[in-house]
Amino acid sequence: MPSEFDLIRRFFIRPTQHTLLGAGDDAALIAPTPGCELAISTDLLVEGTHFLGDTAPFDLGWKTLAVNVSDMAAMGATPRWATLAAALPAPTLDWLDAFSRGFFACAEAFNVDLIGGDTTRGPRTFCVTIMGEVPRGQALLRSGAQAGDSIWVSGTPGRAALGLAHLQGRIALTEPHLGQCLAALHRPQPRVALGLALRGLATAAIDVSDGLLADLSHILTASSCAAELHIPHLPPAGLARDGYLSGGDDYELIFTLPAEHRAAMATLAVELDLPLTCIGVITPAKPDAPGTFALHDDQGSPITPTRHGFDHFL
């Protein structure tokens with residue numbers, strides 16, 4: 001087996017596009033664009049918690065970076081630089097080759113430079129820190145939603161959760177739905193173009209990593225408001241509905257819009273070739289209960305979800 005540094009040089013040193021000094025020194029050197037703020041986020045992926053042990057290494061490499069790119073999308077930031085720290089239990093060269101190809105396929109798709117990181121032996125774990133740029137004062141925050149804003153979600157939440165349920169034997173999917181759900185699980189598509197388009201339009205945004213209801217609750221809490229949810233074409237009770245509401249791992253965007261920008265969503269959906277669905281409205285919060293919501297089906301009947309989303313410590 002080659003040494004740690006041979007593995008890094010072989011699989012993780014690539015030419016950079018917008019970096020003064022990349023991986024290979026004690027630190028990287030970057031120069032943010034004048035007039036921009038840096039958006040910085042870190043995510044950890046642990047085998048058995050965030051991915052199955054038999055996940056294809058190319059898919060895992062893609063997802064390791066993609067979940068971090070999604071955080072940039074939710075901030076309305078352009079992803080630029082990333083670092084990767086990895087713990088690996090005696091990796092094989094073929095496994096590392098496929099993982100690195102998946103990681104850099106995502107990096108190339110979203111124009112991200114890998115500028116450093118670290119490796120060690122241990123249970124399979126990946127930690128990425130990503131940095132992006134957003135024009136000063138234009139970042140999308142969780143704290144800007146206001147009463148009267150409409151609530152929107154991109155794409156089709158729940159597919160990743162159904163893909164996982166299929167792999168775990170809890171449901172049997174058939175094509176083409178199976179392929180769509182496994183693609184959502186293994187190769188999520190960060191909504192960077194949508195995040196950039198929402199600058200100056202959306203009042204708040206977040207990506208769906210832990211579940212639609214759980215992540216929407218973060219917006220409601222940060223904005224000191226509540227919500228009335230009327231989700232069109234919500235699946236019937238069961239795994240499909242639970243996945244839509246609480247599954248997570250989709251990395252779609254939830255965002256809020258003032259009334260004057262609502263009509264722009266139809267045009268934006270066509271431009272991006274991406275479904276954008278209005279699922280409710282922001283309401284004033286009760287003084288003793290900020291962050292709460294009421295959920296109803298198409299007929300207006302109340303729905304009590306069995307859970308809101310994923311929590312690493314529950």
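## A walk through a predicted fold

Helix α7 keeps Leu 212, Leu 213, Ala 214, Asp 215, Leu 216, Ser 217, Ile 219 and Leu 220 buried, where buried means under 20% relative accessible area, exposed over 50% and partly exposed in between, using a 1.4 Å probe and protein chains only. That makes eight of the 11 residues in α7 (residues 212–222) buried, so the helix is mostly covered.

Before going further, a word on the model: it is predicted, local features need pLDDT of at least 70, side-chain atom pairs count only at pLDDT 80 or more, and totals for chains, interfaces and linings use all residues. Residues are numbered from 1 along each chain as its sequence is written, and side-chain values use heavy atoms, with hydrogens and water left out.

### The chain as a whole

The protein chain folds into nine helices and 10 strands; these are DSSP runs numbered from the N terminus, with helices (H or I) of at least four residues and strands (E) of at least two. Its radius of gyration is 20 Å, close to the 20 Å that the globule rule gives for 314 residues, so the chain is as compact as a globular protein of that length. That radius is taken over C-alpha atoms, and the rule is 2.2 Å times the number of residues to the power 0.38. Along the principal axes, the C-alpha atoms fill a box of roughly 60 × 50 × 40 Å.

Of the 314 residues, 48% count as buried. The accessible surface comes to about 14700 Å², with 55% of that belonging to carbon and sulfur atoms; areas come from the Shrake-Rupley method with a 1.4 Å probe, and for residues only the protein chains shown count as cover. Contact here means heavy atoms within 4.5 Å. Among contacts between residues at least 6 apart in sequence, 86% join residues at least 24 apart.

As for charge, the chain has 19 positive and 33 negative charges, and their mean positions are 3 Å apart. Lys and Arg count as positive and Asp and Glu as negative, while His and the chain ends are not counted. Each charge is placed at NZ of Lys, CZ of Arg, CG of Asp or CD of Glu.

### Helix α2 and Asn 68

Helix α2 (residues 57–74) has 18 residues and reaches 26 Å from its first C-alpha to its last, close to the 26 Å expected at 1.5 Å a residue. The expected span is 1.5 Å times one less than the number of residues. This helix is mostly covered, with 17 of its 18 residues buried. After α2 comes Gly 76, whose phi is positive, near 70°.

Asn 68 sits in α2 and is buried, with a relative accessible area of 0%. Leaving out residues up to four places away in sequence, Asn 68 touches Ser 41, Thr 42, Asp 43, Val 128 and Ile 130. Ala 263 is 195 residues from Asn 68 along the chain, and their C-alpha atoms are separated by 30 Å.

### Backbone details in the loops

Three residues with positive phi can be set side by side.

| Residue | Phi | Loop | Relative accessible area |
|---|---|---|---|
| Ser 224 | near 55° | between α7 and β7 (225–230) | 52%, exposed |
| Asp 249 | near 70° | between α8 (239–247) and β8 (253–257) | 17%, buried |
| Tyr 251 | about 60° | between α8 and β8 | 10%, buried |

Ser 224 follows α7. The C-alpha atoms of Ser 224 and Ser 143 are separated by 7.9 Å, although the two are 81 residues apart along the chain.

Another backbone feature is the cis peptide bond that joins Glu 175 and Pro 176, with omega about 5°. Pro 176 lies in the loop between α4 (159–167) and α5 (177–186).

### Gly 148 and His 296

Gly 148 is found in the loop between β4 (125–135) and β5 (150–154). This glycine is partly exposed, with a relative accessible area of 46%. Not counting residues up to four places away in sequence, Gly 148 touches Val 281 and Ile 282. Gly 148 and Thr 256 are 108 residues apart in sequence and 9.5 Å apart in space, C-alpha to C-alpha.

His 296 belongs to strand β10 (residues 293–296) and counts as buried at 16% relative accessibility. Setting aside neighbours within four places in sequence, His 296 is in contact with Glu 228, Leu 229, His 230, Ile 231, Ser 301, Pro 302 and Ile 303.
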